[in-house]
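Morning, everyone. Let me put the structure up, and then I'll walk through it.

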Amino acid sequence: VGTLYVPLSSAPTCVFLFFYLLFTRFWLISVLYSVWWFFDYDTPSRGGRRAPFLCGLKIWEYMRDYFPVKLVKTADLDPKHNYIMGFHPHGVLVAGAFTNFCVYATGFRQLFPGLTSYMLMLPLWFRCPFFRDYVMCAGLIPSHKESATYPLFKRGGNAVVIAVGGAPEALDAHPGTYNVLLANKKGFIKMAMEHGAHLVPVFSFGENEVFDQVKNQRGTWLRWIQERLQSIMGISLPLFHGRGIFQYSFGLMPYRRPINTVVGRPIRVERKEKPTVEELDALHQLYMDELSNLFDEHKGNYGVDKDTHLNFV
């Protein structure tokens, strides 16, 4: 489970280590890495460099069983096509997306044979020495357009996974809430139309339940500060807590609560390099309808009240 905290701790540590080594007798390590980095700079934007051996390590199964995390398939995905999977909600640390689509712990390759998943991550983390190589090993790629579209130029068998709500949605990750930041998110819809990639809605039940977050409703001073910092730094800073290692009252470990990630039916998308505003809006509305239907069809299986519906913001 500690691997979920990598973006919050290991990235700054890697940066510190890189510069610290320059002032020690091991300075050559940082110098040689800089040379390597120069020649390898574009790799994250060209599909990254997944390491199957590392993705299949036993540690990921322990992480899966901690919550536990389960991947639920509702329809086949033909590997002759490419897909854009919209993952909802973001949660605090996107635990379900990482466990299901980055490592091999929940059987993605067996459930969807012939598909290779690529999950998008903030480009900021790929600017961190050493750390960039670690996240690429798990199939993570930067979330800018050039990187996201690279797998979609291939003939088929690629699935780009996008946590559509991104960092801002993490600020709404409160237990028992179902706010999805999607109403004005149309960039991934346009990308799907430009490349003819089919859209697949994905809802992760339990994603918001693994941490408690300090109340930060919209309009409060705390939310204003968080949104300001997010606009400046590109990352959100939710004030969250969970349980401790040896006690359950307070700590930074996530609670052991089930995460069930349900992959919906694909929405067929015809390629159109320059879609009109009306076509874009129509497909966006269809996607929201399909995501809402997916939520309503499965919420009863995972303890969500029948009168609860998704709230698109």
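Start in helix α11. Glutamate 227 and arginine 223 sit four residues apart in that helix, so about one helical turn separates them. Their side chains meet in a salt bridge, 3.1 Å from N to O. Before I go on: this is a predicted model.

Now, is arginine 223 buried or exposed? Arginine 223 is buried, at 3% relative accessibility. Its partner glutamate 227 is partly exposed, with a relative accessible area of 35%.

Arginine 223 has another salt bridge to look at. Its side chain also meets that of aspartate 172, at 3.0 Å, N to O. What does that pair tie together? Arginine 223 belongs to helix α11, residues 221-233, while aspartate 172 is in the loop between α9 (166-170) and β6 (179-180), so the bridge links parts 51 residues apart in sequence. Both arginine 223 and aspartate 172 are buried.

Back to glutamate 227. The side chain of glutamate 227 meets arginine 218 as well, in a salt bridge of 3.8 Å, N to O. Arginine 218 is partly exposed, with 49% relative accessible area.

How many salt bridges does the structure hold? The total is 20. Elsewhere there is a network of them, linking Asp40, Arg49, Arg132 and Asp133.

On to the nonpolar interior. The largest nonpolar core has 47 residues. Which residues have the most contacts inside it? They are Phe67, Met85, Phe98, Phe101, Phe131, Leu140 and Val263. Helix α5, residues 95-102, gives the most to this core: five residues. There is also a second, separate core, of 34 residues. Among its members are Ala197, Val269, Leu294 and Val304.

Take leucine 140 from that first list. Setting aside residues up to four places away in sequence, leucine 140 touches Phe98, Cys102, Met119, Met121, Phe126 and Val135.

Let's follow valine 135. Valine 135 is in helix α7. Valine 135 is buried, with 3% relative accessible area. Outside four places in sequence, valine 135 touches Met121, Phe126 and Leu140. For scale, valine 135 and arginine 257 are 122 residues apart in sequence, and their C-alpha atoms are 25 Å apart.

Phenylalanine 131 is in helix α7 too, which spans residues 131-137. Phenylalanine 131 is buried, with a relative accessible area of 1%. Which distance separates phenylalanine 131 and threonine 13, C-alpha to C-alpha? The answer is 8.9 Å, with those positions 118 residues apart in sequence terms.

Now the cysteines. How many disulfides does the count come to? Zero. Look at cysteine 102, which also came up as a contact of leucine 140. Why is cysteine 102 not bonded to cysteine 55? Cysteine 55 has the closest cysteine sulfur, but at 7.7 Å that sulfur is too far for a bond. The cut-off here is 2.5 Å between sulfurs. Cysteine 102 is buried, with a relative accessible area of 1%. Cysteine 137 is in no disulfide either. Its nearest cysteine sulfur is again that of cysteine 55, 7.5 Å away.

One strand residue next. Histidine 198 lies in strand β7, residues 198-205. Histidine 198 is buried, with 7% relative accessible area. What does histidine 198 contact, leaving aside neighbours within four places in sequence? The list is His81, Asn82, Tyr83, Ile84, Ile267, Arg268 and Val269. Val269 also appeared in the second core.

Last, the surface. There is a nonpolar patch of about 1100 Å². Its residues are Phe19, Leu22, Phe23, Trp27, Leu28, Val31, Leu32, Val35, Phe38 and Phe39. Which helix provides the largest share? Helix α2, residues 27-40, with seven residues. Phenylalanine 39 is in helix α2. Phenylalanine 39 is exposed, with a relative accessible area of 70%.

To recap: arginine 223 is buried and salt-bridged to aspartate 172. The largest core has 47 residues, and the second, separate core has 34. The disulfide count is zero. The nonpolar surface patch takes its largest share from helix α2. That's the tour.

Key. Residues are numbered from 1 along each chain as its sequence is written. This is a predicted model: local features need pLDDT of at least 70, side-chain atom pairs count only at pLDDT 80 or more; totals for chains, interfaces and linings use all residues. Side-chain values use heavy atoms; hydrogens and water are left out. A nonpolar core is a set of buried Ala, Val, Leu, Ile, Met, Phe, Trp, Tyr and Cys residues joined through side-chain atoms within 4.5 Å. Buried means under 20% relative accessible area, exposed over 50%, partly exposed in between (1.4 Å probe, protein chains only). Helices (H or I, at least four residues) and strands (E, at least two) are DSSP runs, numbered from the N terminus. Contact means heavy atoms within 4.5 Å. A salt bridge is a side-chain nitrogen of Lys or Arg within 4 Å of a carboxyl oxygen of Asp or Glu. Patches are made of residues with over 30% relative accessible area and no salt bridge: like charges are joined within 9 Å, nonpolar side chains (Val, Leu, Ile, Met, Phe, Trp, Tyr) within 5 Å. Accessible areas come from the Shrake-Rupley method with a 1.4 Å probe; for residues, only the protein chains shown count as cover.
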